[in-house]
Amino acid sequence: SFRSGITASSVLAFPNPTKDVINLTVTGKDKSDKFVKTNKVVVVLIEAKSALKVREWKFENQQKTYTLNVKGLKKGIYYLRYMNGNERETKQIIIE
């Protein structure tokens with residue numbers, strides 16, 4: 001699949017399945033591995049069955065790793081959506 005220049009990073013979410021914490025790691029695709037520091041990063045967790053947003057995290061700056069607390073959420077399938085400026089990436093997460 002062809003990707004435009006906007007999507008300059010790759011997002012990894014682990015462990016998956018998880019019980020209480022999701023580690024989100026963002027890696028730059030280019031060799032310089034530079035990030036745009038001005039963009040606010042928003043991460044939302046959406047329950048797949050209901051399509052409802054159950055958690056939201058906001059970060060002022062691009063980081064390499066984000067630790068997301070998902071304690072207390074019911075078991076099931078969720079979509080983790082990472083948004084940074086024009087960049088969007090969605091990962092399926094299982095909470096057990």
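A salt bridge is a side-chain nitrogen of Lys or Arg within 4 Å of a carboxyl oxygen of Asp or Glu. The structure is a predicted model, in which local features need pLDDT of at least 70, side-chain atom pairs count only at pLDDT 80 or more, and totals for chains, interfaces and linings use all residues. Residues are numbered from 1 along each chain as its sequence is written, and side-chain values use heavy atoms, with hydrogens and water left out.

**Exercise 1. State the confidence of the model, and what it holds for residues 1–7.**

Step 1. pLDDT is the predictor's confidence in each residue, from 0 to 100. Its mean over the protein is 84, and 78% of the residues reach 70 or more.

Step 2. Over residues 1–7, pLDDT stays under 50. For this stretch the model has 6 contacts beyond four places in sequence, a contact being heavy atoms within 4.5 Å.

**Exercise 2. Find the salt-bridge partner of Glu 47, and decide whether each of the two residues is buried or exposed.**

Step 1. The rule gives 4 salt bridges. In one of them, Glu 47 pairs with Lys 74, at 3.6 Å from N to O.

Step 2. Place the partners on the chain, where strands (E, at least two residues) are DSSP runs numbered from the N terminus. Glu 47 belongs to strand 3 (residues 41–47), while Lys 74 sits in the loop between strand 5 (65–69) and strand 6 (76–84), 27 residues apart.

Step 3. Apply the cut-offs: buried means under 20% relative accessible area, exposed over 50%, partly exposed in between (1.4 Å probe, protein chains only). Glu 47 is buried because its value is 13%, and Lys 74 is exposed because its value is 55%.

**Exercise 3. Do the same for the pairs Lys 53 with Glu 56 and Glu 89 with Lys 91.**

Step 1. Between Lys 53 and Glu 56, the closest N and O atoms are 3.4 Å apart. Lys 53, at 51%, is exposed; Glu 56, at 38%, is partly exposed.

Step 2. Glu 89 and Lys 91 form a salt bridge at 3.6 Å, N to O. Glu 89 is buried at 10%, and Lys 91 is partly exposed at 25%.

**Exercise 4. Describe the largest nonpolar core and the surroundings of Val 43.**

Step 1. A nonpolar core is a set of buried Ala, Val, Leu, Ile, Met, Phe, Trp, Tyr and Cys residues joined through side-chain atoms within 4.5 Å. The largest has 19 residues, and Leu 24, Val 43, Leu 68 and Leu 80 have the most contacts inside it.

Step 2. Elements giving two or more residues to this core include strand 1 (9–14), strand 2 (21–28) and strand 7 (87–95).

Step 3. Beyond four places in sequence, Val 43 touches several residues, among them Leu 24, Trp 57, Leu 68 and Leu 80.

Methods: Helix = DSSP H or I, 4+ residues; strand = E, 2+ residues; numbered from the N terminus.
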